[in-house]
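Welcome, and thanks for taking a look at this one with us. Here is a short briefing to read alongside the sequence and the model.

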Amino acid sequence: MLPLLSTVHCDTQVNSSFAGSALKTVRNAVANPESELRRWRRVFDANAKVVVNGEKYLDPENFVNAIAPRGDLSKIGRAQFAILFRVADTSRRGLVSWDDFTVFETMLKRPDADYWIAFQYFDVDNSGTISLDEFKNVFTANVSSSAIPFDFDCDWVKLYLGKKNGTRVLGYNEFTQLMKGLQGERVRQAFQYLDTDQDGFIKPDQFKQIILEIAGHKLSDAVVERLPTLCTLTPGGRISYSEVVAFHNVVREMDMVERIIREATAKSKDGRIDQSDFLNHAAISSRYSLFTPMEASIIFHFAGRGSAERRLALVDFAQLLDPRWKAPHEETEVKSVSTGMSFLNGFLQSAYNFVQGGFAGAFGATIVYPIDMGAMQNQRSTVVGQMLYKNSVDCARKIFRNEGFIGFYRGLGPQLIGVAPEKAIKLTVNDFVRGQAMDPETGRIKLIWELIAGGTAGGCQVVFTNPLEIVKIRLQVQGETARVEGAAPKGAVHIVRQLGILGLYRGASACLLRDIPFSAIYFPVYSHLKKDVFHEGYNGKQLGFLETLGSAAIAGMPAAYLTTPADVVKTRLQVEARKGQSHYKGLTDAFVKIYQEEGFKALFKGGPARVVRSSPQFGFTLLAYEYLHKYPWEDKPPQVQTALTSRQDDISRIRARNALKILLDVHGDFGRRAARFTPPFVPAVSEKQA
């Protein structure tokens with residue numbers, strides 16, 4: 001693929017002007033897909049507020065609105081994007097036409113658009129090369145007089161421009177390499193300029209001045225305020241050149257710093273790392289060593305707020321990784337409310353849990369109820385020597401033949417009535433215990449507490465589960481009984497009156513034996529599938545529909561099958577025994593008799609059906625719960641949002657921002673004068689007048 005604009009080297013003759021190159025880019029833009037041009041046109045028309053002779057134009061302010069990335073630009077002033085206006089305004093009339101905008105957008109499509117735009121900014125005469133005078137004039141015009149001076153006659157600049165009074169010029173490729181190394185040279189010259197005693201040390205406030213000029217837009221306000229504290233790393237109260245260079249290297253490699261920290265904390269057992277963990281992970285993440293011990297000390301010094309020796313969580317590094325980071329006390333002050341409001345907030349949260357538990361549980365239960373019906377019928381007791389159903393398929397066929405399609409949903413009403421408090425208690429208790437045991441900074445929880453949280457949730461739900469299931473089972477059984485024996489089916493109210501309060505908890509021990517281990521298995525497996533298999537939260541990842549459903553469904557498989565024996569015993573204890581059927585005195589008696597009369601396999605009767613039922617039921621239940629659970633007052637572990645984890649903006653806007661960052665690397669004030677630039681007067685009329 002041919003480049004959009006030809007590359008000009010310092011030793012090549014320039015035969016074509018920038019206007020010719022611009023015309024070529026317009027032709028390339030016209031050859032682009034129509035949808036792309038329509039999108040550019042839509043952005044242009046939405047922001048072009050100036051009309052001259054019937055044609056729309058962008059002024060500097062509206063140009064910024066058209067090309068600046070959306071979101072928080074607190075560290076890069078939005079007005080600073082006006083510095084790119086001069087690149088787009090090739091005619092120097094103070095307005096950008098549709099053709100100019102098309103050329104600029106096409107330029108942003110280049111993979112090297114950031115350096116290309118910076119080159120065009122310094123190439124004042126549009127010659128395709130940059131002379132020493134051009135570079136010097138553009139540099140000084142955008143830097144205040146109070147800035148640390150830069151020596152353009154130094155040997156470093158001469159290596160790029162030559163030694164004959166600057167008669168050689170910079171081509172594009174030479175310019176990109178010069179810009180990449182310019183910050184390092186500025187650090188060296190700035191340190192040498194401020195080190196008046198030439199003893200290799202500068203004062204903390206002088207160090208802060210250097211960093212603000214070359215990297216202030218890359219650091220949060222908290223780190224900027226703590227810059228002078230770098231002097232505490234070594235005795236003497238001053239900062240050496242090696243420390244300045246080390247800090248600059250950390251800032252320059254901040255993306256790699258973040259990747260290493262995220263990966264190292266994710267693999268750490270407690271979600272925290274120290275300097276050794278950081279250096280070890282950096283060593284295995286790259287071919288060569290990226291960071292020195294001094295650089296690691298600097299990272300942990302600023303992340304640990306002066307305590308560089310302790311183990312730190314990802315959230316501790318947020319102020320170093322995210323330039324937009326705000327102090328936690330600012331959010332705490334906003335969130336601080338009275339005790340009464342806090343109680344009301346907790347009450348509303350609990351009420352919401354019950355509502356969402358009802359919807360989520362009813363949704364999952366309705367989907368799998370026919371499977372549950374078949375599993376229960378296949379598990380219940382038979383007359384000794386008589387086989388009622390051969391398997392689950394035979395059971396489903398006979399239910400349909402005897403009762404029709406409605407037979408699969410017999411007893412669904414009580415199930416839906418009871419499922420709301422059951423699921424609310426189960427999910428709320430699990431979340432509550434996990435929340436109490438969770439590390440508030442890392443969001444980690446030990447496995448033993450995961451098991452306790454799940455088991456506690458399973459035990460609490462029996463309060464509602466046992467009465468619900470004994471009524472449901474007897475309603476399901478009487479359908480087949482009514483068909484065989486000619487008995488009239490009885491309603492749920494009759495069954496409740498017949499059993500009484502104590503009778504509703506018959507088989508509760510077996511229910512506890514089933515629900516406690518089920519939840520103790522299910523919730524930890526579900527959590528680890530999301531985190532370890534589908535990598536939820538890694539670099540800000542949020543699970544999609546299928547990933548959430550898959551995690552919830554897969555977690556239900558081992559939990560359902562391994563607790564089948566307890567479910568079989570529970571069913572036998574709760575079914576009203578008829579003449580000729582085995583009677584059970586209790587939990588132990590049921591286990592023994594089932595094993596003696598029907599063998600070990602009988603304890604796992606209906607196991608596959610339980611898996612088929614529980615897997616999709618909990619899959620859809622937890623899926624609904626996850627989506628309904630995203631309410632505004634939900635408490636979550638603090639998240640570290642940076643450019644690596646935030647939603648990607650349009651690539652052209654990203655490249656425009658990167659181009660501005662390259663110019664800001666020259667000096668932090670670069671572009672602020674352009675922001676105050678007033679274009680020459682152009683007679684204009686409003687769109688309405690036109």
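## Cores, helix packing and one proline

Beyond its neighbours within four places in sequence, Leu 84 is in contact with Phe 63, Ile 67, Phe 104, Ile 117, Ala 656, Ala 659 and Leu 663. Please keep in mind that this is a predicted model. The points below start from Leu 84 and the core it belongs to, then turn to helix pairs and a proline.

**Nonpolar cores**

- The largest nonpolar core has 57 residues, and within it Leu 84 and Phe 122 touch the most other members.
- Helix 28, which spans residues 651-666, gives the most to this core: seven residues.
- There is also a second, separate core, made of 42 residues, and among them are Val 187, Ala 215, Phe 247 and Phe 302.

**Helix 9 with helix 12**

- Helix 9 (residues 172-194) packs against helix 12 (residues 241-252) at an angle of about 155°, and their axes lie 11 Å apart.
- Because angles over 145 degrees count as roughly antiparallel, helix 9 is roughly antiparallel to helix 12.
- The crossing of helix 9 past helix 12 is right-handed.
- On the helix 9 side you will find Gln 183, Gly 184, Val 187, Arg 188 and Phe 191, which meet Tyr 241, Val 244 and His 248 of helix 12.
- Sorted by class, this contact of helix 9 with helix 12 comprises four nonpolar, three polar and one charged residues.
- Val 187 is worth a second look: it is listed in the second core and takes part in the meeting of helix 9 with helix 12.

**Helix 6 with helix 9**

- Helix 6 (residues 113-122) packs with helix 9 at an angle of about 100°, with 10 Å between their axes.
- Since 65 to 115 degrees counts as roughly perpendicular, helix 6 is roughly perpendicular to helix 9.
- Tyr 115, Trp 116, Ala 118, Phe 119 and Phe 122 are the helix 6 residues here, and they meet Tyr 172, Phe 175, Thr 176, Met 179 and Lys 180 in helix 9.
- The contact of helix 6 with helix 9 divides into eight nonpolar residues, one polar and one charged.
- Phe 122 links two topics, as a member of the largest nonpolar core and as a helix 6 residue that meets helix 9.

**Pro 608**

- Pro 608 sits in helix 27, which covers residues 607-628.
- Is Pro 608 buried or exposed? Its relative accessible area is 54%, so Pro 608 is exposed, the cut-off being over 50%.
- Pro 608 and Met 557 are 51 residues apart along the chain, and their C-alpha atoms are separated by 9.1 Å.

How values were computed:
Residues numbered from 1 in each chain as written. Predicted model: local features only at pLDDT ≥ 70, side-chain atom pairs only at ≥ 80, totals over all residues. Heavy atoms only, no water. Core = buried A, V, L, I, M, F, W, Y, C linked by side-chain atoms within 4.5 Å. Buried < 20%, exposed > 50% of the residue type's maximum accessible area, 1.4 Å probe, protein only. Helix = DSSP H or I, 4+ residues; strand = E, 2+ residues; numbered from the N terminus. Contact = heavy atoms within 4.5 Å. Axes fitted to C-alpha atoms, helices over the stretch in contact; angles between N-to-C directions. Parallel < 35°, antiparallel > 145°, perpendicular 65-115°, else oblique. Left-handed = near helix turned anticlockwise from the far one by under 90°. Nonpolar A, V, L, I, M, F, W, Y, C, P; charged D, E, K, R; others polar.
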